[in-house]
Amino acid sequence: MLRDGQVGTCGVRRRTGDVLETATFASVMQHVDANERKPFYHFRPGGRSLTLAAPGCTFACGYCINHRISQYGRESSVAWNGQPIEPAEVVARAVAEDADICFSYTEPSLALELTEAVVALARPAGVRVMWKSNGFLTPEAVDRAAGLVDAVNIDVKAADTAAHRRLTGAPLEPVLDTVREFARRGVWLEITTPLIPGTSAAPEQLATIARTVASVGAQVPWHLVRFTPTYRMTGHDPTAPADLAEAVRIGHAAGLRHVYVERALGAEGRATRCPACDETVVRRGVWQLETSEIRAGRCARCDHPIDGRWN
Amino acid sequence: MTRYEGVPELPDLIDAAEYDQHPDGGLIRLRISVTPSGVEILGDGMRPEALEALLESLEPDEIEQMWCG
């Protein structure tokens, strides 16, 4: 419980008397880009989303490329650069640009109130709302969020809680609980794992994570992200393409149907294959849909269902 | 002090096919253009802090950056 005047650990909430104030009814930018970039590969491919990012994060990952916005409230060097958000204006712009809305770049669960306000207007307008989240939510927050968002991509950054705590400052189990609950509630789910040295990059660590994802569902797309040395983790090399190729093999060996690498393995790393006939049914550029052979959620060649929310 | 501004898109100067040739991430590529408003330097690098240090040494008011996600 915060004392009167005290700011929370994440630096974006403050108690003032009997009122809990939030700094997250704001965004550091509003721009439209591809759903594939979040990444969502099986949710409205080829669609675009108006991206919002309220400053702050519940994690303090040493490899965070977005640290200049995510670490607001944690790092004194990170200045406030958010602008107040008017949900009606956000939804109107999404409608005008034929876009959905995605909360990304920072931790959207800190902007749960903003998400609620946006969804209240977006849903009647036919605009979907997505989160790119670290998954560190209380069960109560998951319950609220699962009724709001249409799709979520959650980072699973470690195979065990000790490594996860070293990297993020938080335990792993709540993240996995969040993953399972979103899936149980029918929210479209994709998982991202960055190959972090010492945390998730070793084959045995990746195998553990892959089995965990597969236990949620073989249909869950698993995105593997190349480690980039930056911020407080500059003493390591970038992930080698061969290591990403091995991680893909590990994912398939765990039973996952759809394992992706955005860049390092070329177009093949981004392609969706039909689990039945093995034909390529979706081809993607780095951040855009190129061709889709999915018709009404099925492979156009063999009619096998392909998991996703395609429209 | 240089301010960082998130932008939706910047051109790539490094192709993923080059990753294997630079396993330590030592590659930085720059494109310098003269524009009506001055000189524009586009940079791409495998180690962001190295690229940022290089660009910051030129003391620009602003560096545009793509965020991850």
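**Figure 1. A:Trp222 and its place opposite A:Val259, between strand 11 and strand 12 of chain A.** In this predicted model, A:Trp222 of chain A stands opposite A:Val259, a residue that belongs to strand 12 of the chain. Strand 11 and strand 12 (residues 259-261) of chain A run in the parallel sense where they pair, and 3 bridges join them. Together with helix 8 of chain A, strand 11 and strand 12 of chain A form a β-α-β unit that is right-handed. Strand 11 (residues 222-225) of chain A is covered on both faces, with A:Trp222 and A:Leu224 buried on one side and A:His223 and A:Val225 buried on the other.

**Figure 2. The pairing of strand 10 with strand 11 of chain A.** Strand 11 of chain A also pairs with strand 10 (residues 188-194) of chain A, in the parallel sense and over 4 bridges. Within this pairing, A:Pro194 is found opposite A:Val225 of strand 11 of chain A. The chain passes from strand 10 of chain A through helix 7 of chain A before it reaches strand 11 of chain A, and the β-α-β crossover made in this way is right-handed.

**Figure 3. The contact between helix 7 and helix 8 of chain A.** As background to this view, two packed helices are described by the angle between their axes and by the distance between those axes. Here the axes of helix 7 (residues 203-216) and helix 8 (residues 241-253) of chain A come within 9 Å and cross at roughly 35°, and the crossing of helix 7 of chain A and helix 8 of chain A is right-handed. From helix 7 of chain A, the residues A:Pro203, A:Leu206, A:Ala207 and A:Ala210 meet A:Glu246, A:Ala247, A:Ile250 and A:Gly251 of helix 8 of chain A. Sorted by class, the residues in this contact of helix 7 of chain A with helix 8 of chain A are 6 nonpolar, 1 polar and 1 charged. Helix 7 of chain A also holds A:Thr208, which is partly exposed, with 18 other C-beta atoms within 10 Å. A separation of 9.7 Å lies between the C-alpha atoms of A:Thr208 and A:Gly251, although the two residues are 43 residues apart along the chain.

**Figure 4. An open sheet of 3 strands in chain A.** The strands of this sheet follow the order 13-14-15 in chain A, and their pairing is antiparallel. Strand 13 (272-273) and strand 15 (289-292) of chain A stand at the edges with a single partner strand each, and therefore one side of each is left without a neighbour in the sheet. Strand 14 (residues 280-284) of chain A pairs with strand 15 of chain A in the antiparallel sense over 3 bridges, and A:Val282 is placed opposite A:Ser292 of strand 15 of chain A.

**Figure 5. Three backbone details in loops of chain A, at A:Pro39, A:Tyr105 and A:Ala296.** The peptide bond that leads from A:Lys38 to A:Pro39 is cis, with omega near 5°, and A:Pro39 lies in the loop between strand 4 and strand 5 (48-52) of chain A. A:Tyr105 is not a glycine, yet has a positive phi of about 70°; this residue sits in the loop between strand 7 (100-103) and helix 3 (112-122) of chain A. A:Tyr105 counts as buried because 26 other C-beta atoms lie within 10 Å. A:Ala296, likewise a residue other than glycine, has a positive phi near 50°, and is located in the loop between strand 16 (294-295) and strand 17 (298-299) of chain A. A:Ala296 has 9 C-beta neighbours inside 10 Å and so counts as exposed.

**Figure 6. Chain B and the side of chain A that touches chain B.** Chain B contains 1 helix and 4 strands, which follow the pattern β-β-β-α-β when read along the sequence. Taken along the principal axes, the C-alpha atoms of chain B fill a box of roughly 35 × 25 × 25 Å. Of the 69 residues in chain B, buried residues make up 12%. Where the chains meet, 24 residues of chain A are in contact with 16 residues of chain B. Strand 4 (30-34) and helix 1 (67-70) of chain A each supply at least two residues of the side of chain A that touches chain B, and strand 4 of chain A gives the largest share, 3 residues. By class, the residues on this side of chain A are 11 nonpolar, 7 polar and 6 charged.

Technical notes. Residues are numbered from 1 along each chain as its sequence is written. Chains are lettered from A and ligands numbered from 1 in the order in which they are written. This is a predicted model: local features need pLDDT of at least 70, side-chain atom pairs count only at pLDDT 80 or more; totals for chains, interfaces and linings use all residues. Two strands pair if DSSP finds at least two bridges between them. Axes are lines fitted to C-alpha atoms, for helices over the stretch in contact, and angles run from 0 to 180 degrees between N-to-C directions. A crossing is left-handed if the near helix is turned anticlockwise from the far one by less than a right angle, and right-handed if clockwise. Two residues are in contact if their C-beta atoms, placed from the backbone, lie within 7 Å. Ala, Val, Leu, Ile, Met, Phe, Trp, Tyr, Cys and Pro count as nonpolar, Asp, Glu, Lys and Arg as charged, and the others, Gly among them, as polar. A residue is buried if 20 or more other C-beta atoms lie within 10 Å of its own, exposed if 12 or fewer, and partly exposed in between; C-beta atoms are placed from the backbone. A crossover is right-handed if, with the strands pointing away from the viewer, the path from the first strand over the helix to the second runs clockwise.
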